[in-house]
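Subject: Structure handover and notes

Hello,

Here is the structure for you to look at. My notes follow below it.

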Amino acid sequence: MATAAPSAASRIAVVTGASSGIGAATARQLAAAGYRVVLTARRKDRIEALAEEITAAGHSATAYQLDVTDRAAVDEFASAFKTIGVLVNNAGGALGADPVATGAPDDWRTMYETNVIGTLNLTQALLPKLDAGGDGTIVVVSSTAGHGTYEGGAGYVAAKHGAHVLAETLRLEIVGRPVRVIEIAPGMVRTDEFALTRFGGDKDKAEKVYEGVAEPLTADDVADTITWAVTRPSHVNVDLLILRPRAQASNTKVHREL
């Protein structure tokens, strides 16, 4: 099915966590689909370079340095817009893989602040702008971790379950308004930074996550899915889409060729 071109009233797409991985790939693909993308992340140099790349390709992109956990900064950012068409809540991440008995509370707090409170901040600040555009879409990038737990993952699972419940509840609360709420929940995605960040820069631990898996998902795979969901006709809502590589049947069942 061909994608629907975004309407003039919904051309702006805000993407959080756009400095790398899924966020950067989503920004590229939404720009190619005709959106004027606004890239946000804490790493200013990364999003500025990406904005230049997208612009050089003939599309429209603007970089805005932003920490999604800083509500005052988020409100200031949101004040620049009268209307927007799309908000992709992608900023998040995992820290550590320790059991509950020894998990670091600071890591849990950081994951919750980024994955849940960050999503809440952007959603609250930009919902009136999405409403005003008359045809808005909110995307929450959660994870299969939000739909099934696994040993050593409780902190991340709790955070992503919070993001899932936020999306599910918001959809109930704003039904009848011209805003869709889409949740995309990826499974095993191999990016340059996710596992490396999770394990504090330990390359060996990061590599073991994907060891023997022939084709984990890529950031482009997830971005393609997000772009497809966003560009459905406005009366079509993709409530929840879970995607995994073929080699992954669940969070704990993965085919590895070792």
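Start with V209, which sits in helix α7, residues 203-210. Keep in mind throughout that this is a predicted model. V209 is partly exposed, because its relative accessible area is 27% and the partly exposed class runs between 20% and 50%. Leaving aside neighbours within four places in sequence, V209 contacts M188, A195, F199 and R256. V74 is another matter: 135 residues separate V209 and V74 along the chain, and their C-alpha atoms are 34 Å apart.

V74 brings us to the helix packing.

Helix α3 (residues 71-78) meets helix α4 (residues 105-133). Their axes come within 9 Å and cross at roughly 20°. That angle makes α3 roughly parallel to α4, because anything under 35 degrees counts as such. The crossing of the two is right-handed. From α3, the contact uses R71, V74, D75, F77 and A78. From α4, it uses N121, L122, Q124, A125, L126 and K129. By type, the residues in this contact are six nonpolar, two polar and three charged.

Helix α4 also packs on helix α5, residues 154-173. Here the angle is about 15° and the axes are 8 Å apart. So α4 is roughly parallel to α5 too. The crossing is again right-handed. The α4 side consists of W108, M111, Y112, N115, V116, T119, L120 and T123. Facing them in α5 are A154, G155, Y156, A159, K160, G162, A163, L166 and L170. This contact divides into 11 nonpolar residues, five polar and one charged.

Now the cores.

Which residues have the most contacts inside the largest nonpolar core? They are V37, L39 and I226, in a core of 34 residues. Several elements give two or more residues to this core. The strands are β1 (12-15), β2 (36-41), β4 (86-89), β5 (136-141) and β6 (179-186). The helices are α1 (21-32), α2 (44-56) and α8.

L39 shows how these pieces meet. Not counting residues up to four places away in sequence, L39 touches V15, A18, A27, I47, L50, A51, I54, T62, A63 and Y64.

A second core is separate from the one around L39 and has 25 residues. Among its members are V68, A78, A125 and V181. Two of these names have come up before: A78 and A125 are also in the contact between α3 and α4.

Last, two threonines in helix α8, which spans residues 219-230.

T225 lies in this helix. Is T225 buried or exposed? T225 counts as buried, because its relative accessibility is 14% and the limit is 20%. Beyond its neighbours up to four places away in sequence, T225 touches I184, L241 and L243.

T227 is in α8 as well. T227 is also buried, with a relative accessible area of 8%. With residues up to four places away in sequence again left out, T227 touches Q29, L30 and A33.

If you open one region first, try the packing of α4, which meets α3 through residues including N121 and K129 and α5 through residues including W108 and T123. Then turn to L39 and its contacts.

Best wishes

Key: Residues are numbered from 1 along each chain as its sequence is written. This is a predicted model: local features need pLDDT of at least 70, side-chain atom pairs count only at pLDDT 80 or more; totals for chains, interfaces and linings use all residues. Side-chain values use heavy atoms; hydrogens and water are left out. Helices (H or I, at least four residues) and strands (E, at least two) are DSSP runs, numbered from the N terminus. Buried means under 20% relative accessible area, exposed over 50%, partly exposed in between (1.4 Å probe, protein chains only). Contact means heavy atoms within 4.5 Å. Axes are lines fitted to C-alpha atoms, for helices over the stretch in contact, and angles run from 0 to 180 degrees between N-to-C directions. Angles under 35 degrees count as roughly parallel, over 145 as roughly antiparallel, 65 to 115 as roughly perpendicular and the rest as oblique. A crossing is left-handed if the near helix is turned anticlockwise from the far one by less than a right angle, and right-handed if clockwise. Ala, Val, Leu, Ile, Met, Phe, Trp, Tyr, Cys and Pro count as nonpolar, Asp, Glu, Lys and Arg as charged, and the others, Gly among them, as polar. A nonpolar core is a set of buried Ala, Val, Leu, Ile, Met, Phe, Trp, Tyr and Cys residues joined through side-chain atoms within 4.5 Å.
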